[in-house]
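Q: I am new to protein structures and would like a close look at one part of this one. Please start with the lining of the largest pocket, then follow the chain outward from there.

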Amino acid sequence: MQTSLTFTQNADLPVILDRLERSYGRATRHKRDAMRQLIFMVVAQGAAPSVGLAVFDRLQAVYPSWARLRDAEPRDLEALFIGLPDREKKARAIPEILKAIEAEHGELDLDHLAEMSTDAARIWLAALPGVSLSVASAVLAFSTLERPSLAVDRENVRPMRRLGLCPQGTPLSAVPREVMEGAPADWSGAQMASLSHGLGRLAATVCQRGKPACQRCPLMTLCPSSGHVAEVLAFPSAEARQAWAAKRSA
Ligand code: SF4
């Protein structure tokens, strides 16, 4: 198994992480426990970080225990969620998530995740109502669990695909595993979180939808898509990858 892991490692990933950290800094980790991180992620998803944090603080002030939040009326939560996208959906989802955790685990906490493998914990979290695989991965990476779990969403997946970090056609749900298999086996949760954070910043600033601004990209010399900026890029084509590999080995 070790042989296979070594064989599939992507030598560019440490360089990619180093350049992303130099350009966009390291991921901020608030050291919340897994339950607080989960509820924070659901609340803040899609919102500006400052807005998400402010609403989460307000939520905690009004509902100081998980039991009270579990029993909250969705219409009362919705009133607290002003400024958030999908606030009606989030207001319905949060009590449902807490009820599901209690029903499955018997307690209003996520302490049992510490005893589970990262893959099993991700699957357990993603089975909760309204919790995506991306949110589940982020909970594992950014909470005190500090698991090496890559959070992938519809934005940061774009540079991953353009960089060729996963095979062409890989569905969103399979991208984290593909990328993580290429990462050094000893990468920490903090490093995986910084990779996810840096690729998110890259996607927002230079690797946008449509035509990316490759000339400003810190990863341009590592990217097989960088010579095709006139096209609307999804994946580098097989020809582009071959040409890129030949150029790099020349
Ligand atoms: S070089 Fe261009 S396509 Fe590649 S990651 Fe950077 S911005 Fe995206």
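A: Happy to! In the lining of the largest pocket, 23 residues are nonpolar, 14 are polar and 9 are charged. Please keep in mind that this is a predicted model. The pocket itself has a volume of about 1500 Å³. Its lining is made of 46 residues, and those closest to the centre are Met41, Ala44, Gln45, Gly46 and Asp153. Five helices each give two or more residues to this lining: α3 (34-44), α4 (49-62), α7 (87-105), α9 and α12 (189-205).

Two of these helices are good places to step off and look at the loops beside them. Take α7 to begin with: the loop between α6 (74-80) and α7 holds Asp86. The phi angle of Asp86 is near 55°, which is positive even though the residue is not glycine. For background, most residues other than glycine have a negative phi.

Now move along to α9. The loop between α9 and α10 is home to Glu146, and here too a residue other than glycine has a positive phi, this time near 50°. Glu146 counts as partly exposed because its relative accessibility is 33%, and the range for that label runs from 20% to 50%.

Ser149 sits in the loop between α9 (133-142) and α10 (157-162) as well. Its relative accessibility is 1%, so Ser149 counts as buried; the cut-off for that label is under 20%. The side chain of Ser149 also has a partner, since it reaches the backbone oxygen of Ser137 at 3.4 Å.

To finish, it helps to set the pocket beside the enclosed kind of space. Searching the whole structure turns up 1 cavity of 30 Å³ or more. The largest cavity holds about 120 Å³ of space. It is lined by 16 residues, with Cys207, Pro212, Cys214, Cys217 and Cys223 closest to its centre. By class, that lining has 13 nonpolar, 2 polar and 1 charged residues.

What takes up this space? The ligand does: the space it takes is the largest cavity. Around the ligand you will find residues including Arg162, Leu202, Val206, Met220, Ser225 and Ser226. Cys207, Pro212, Cys214, Cys217 and Cys223 belong to the ligand's surroundings too. Sorted by class, this shell has 8 nonpolar, 2 polar and 1 charged residues.

Key. Residues are numbered from 1 along each chain as its sequence is written. This is a predicted model: local features need pLDDT of at least 70, side-chain atom pairs count only at pLDDT 80 or more; totals for chains, interfaces and linings use all residues. Side-chain values use heavy atoms; hydrogens and water are left out. On a 1 Å grid over the protein atoms alone, a cavity is a set of points where a 1.4 Å probe fits but cannot get out, and a pocket is an open set with protein on both sides within 12 Å along at least five of seven lines; lining residues have an atom within 4 Å of a point. Grid points are joined across faces, edges and corners, and a volume is the space filled by probe spheres set on the points. Ala, Val, Leu, Ile, Met, Phe, Trp, Tyr, Cys and Pro count as nonpolar, Asp, Glu, Lys and Arg as charged, and the others, Gly among them, as polar. A residue is near a molecule or strand if one of its heavy atoms lies within 4 Å of it. A molecule sits in a cavity or pocket if more than half of its atoms lie within 2 Å of its grid points. Helices (H or I, at least four residues) and strands (E, at least two) are DSSP runs, numbered from the N terminus. Buried means under 20% relative accessible area, exposed over 50%, partly exposed in between (1.4 Å probe, protein chains only). A polar contact is a pair of N or O atoms within 3.5 Å; within protein, one must be able to donate a hydrogen and the other to accept it, and residues adjacent in sequence count only if both atoms are side-chain atoms.
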